[in-house]
Amino acid sequence: MASEDLTTPKFVKFREDSTGLEIVYPAVFTYEDFESARKYKAKDSDVYVCSYPKTGTTWLLTIAWLIVHHGEEFSGNYRDNIPMLEFDGCESTEAIDDSKFPRIIKTHFPYKLVPKNSKAKYLYITRNPKDAFASYYFHIRGFRSPYKCENPDLNKLYELYMKGEVEFGCFFDHLKEWYAHRNDANVLFLLYEDVKQDPRNEVLKIAKFLGDEYEKKLKMDDGKILENILERSSFSHMKGRNVWHKTFRPENEPFIRKGVIGDWKNHLSAEQADGLDRALMEHGKDNGISKLWNKYAEFL
Ligand code: PPS
């Protein structure tokens, strides 16, 4: 019997019969997980944090949580407070109390699969694909069992990534779909790099988008709430909290890992970096996504 390849992560593809829509999940998930997520009905008050994997989701979730809770952190594990729709499903998402504060929901679903409500708010964050890919490699090193991959190989992962044969499909398709909705009244489109460069400005922008009441609150009391939010969403503070998937990952593979712009230079070959640059240009020909990171050219 051929021995199992433990260097390549494994995925499963699901197809929804009623719509024909397809989605790729890490290998351990089932069609029932997907089906359950698709049953969730978006509420007026919901705040969605939407993204392709490894683009700053957890950071944006933390910022959104802090804004909505006036600077107070959640207690306990983060996924007990913030459901991930596609993995936790409808029931667990509905079980999160939203009687006092809006429910904050994490999702990597592409635009067409996210539950829609014209009153709900949708934050989308993206990050340059070279850093997103490098971060994804470390993600799989930390979560080996969901991908049935004991010894992930960066080169093999790169091949799958370039073909879009990884969870939630192709980075560029995901970005293009959401980018087309960047000017919708209830969508705020953000760059990881902008949050990194000027967190104060981006936090204020997010608060204003979530509602005037949040923006006003941030400025009250000599800006004390704003300062708390900036401190509690900083990389060093978040890294120090033992609330991120604490039971799953080995000590030496932290989920809050490095948090910088340009770390891909330490991990990707010149060919791999070129390949991702060219893919961005190709996919961005007619829509503007290829220019998103022009102002960060010195780092990228
Ligand atoms: S996931 O698994 O898809 O939800 O991952 P995601 O949260 O989208 O991305 C993880 C990367 O974001 C970095 N991160 C941060 N960077 C800067 N500041 C803060 N506060 C912060 N919090 C998380 C995290 O370290 C991952 O990036 P890398 O490059 O791997 O360090």
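In this predicted model, the loop between helix 4 (129–142) and helix 5 (154–163) contains K148. The backbone of K148 has a phi near 50°, a positive value in a residue other than glycine. Most residues other than glycine have a negative phi. K148 is partly exposed, because 16 other C-beta atoms lie within 10 Å, a count between the limits of 12 or fewer for exposed residues and 20 or more for buried ones.

A positive phi also occurs at D221, where the angle is near 55° and the residue is again not glycine. D221 is found in a helix, namely helix 9 (residues 212–232), whereas K148 is placed in a loop. With 11 other C-beta atoms within 10 Å, D221 is exposed, since the exposed class takes in residues with 12 or fewer such atoms.

The ligand is surrounded by 21 residues, of which T57, T58, S135, R257 and G259 come nearest. Several helices take part in this shell: helix 2 (57–68), helix 4 and helix 10 (235–240) each supply at least two of the residues. Helix 4 provides the largest share, with four residues. Helix 4 also stands at one side of the loop that holds K148. Sorted by class, the shell around the ligand comprises 10 polar, six nonpolar and five charged residues.

Conventions
Residues numbered from 1 in each chain as written. Predicted model: local features only at pLDDT ≥ 70, side-chain atom pairs only at ≥ 80, totals over all residues. Near = placed C-beta within 6 Å. Nonpolar A, V, L, I, M, F, W, Y, C, P; charged D, E, K, R; others polar.
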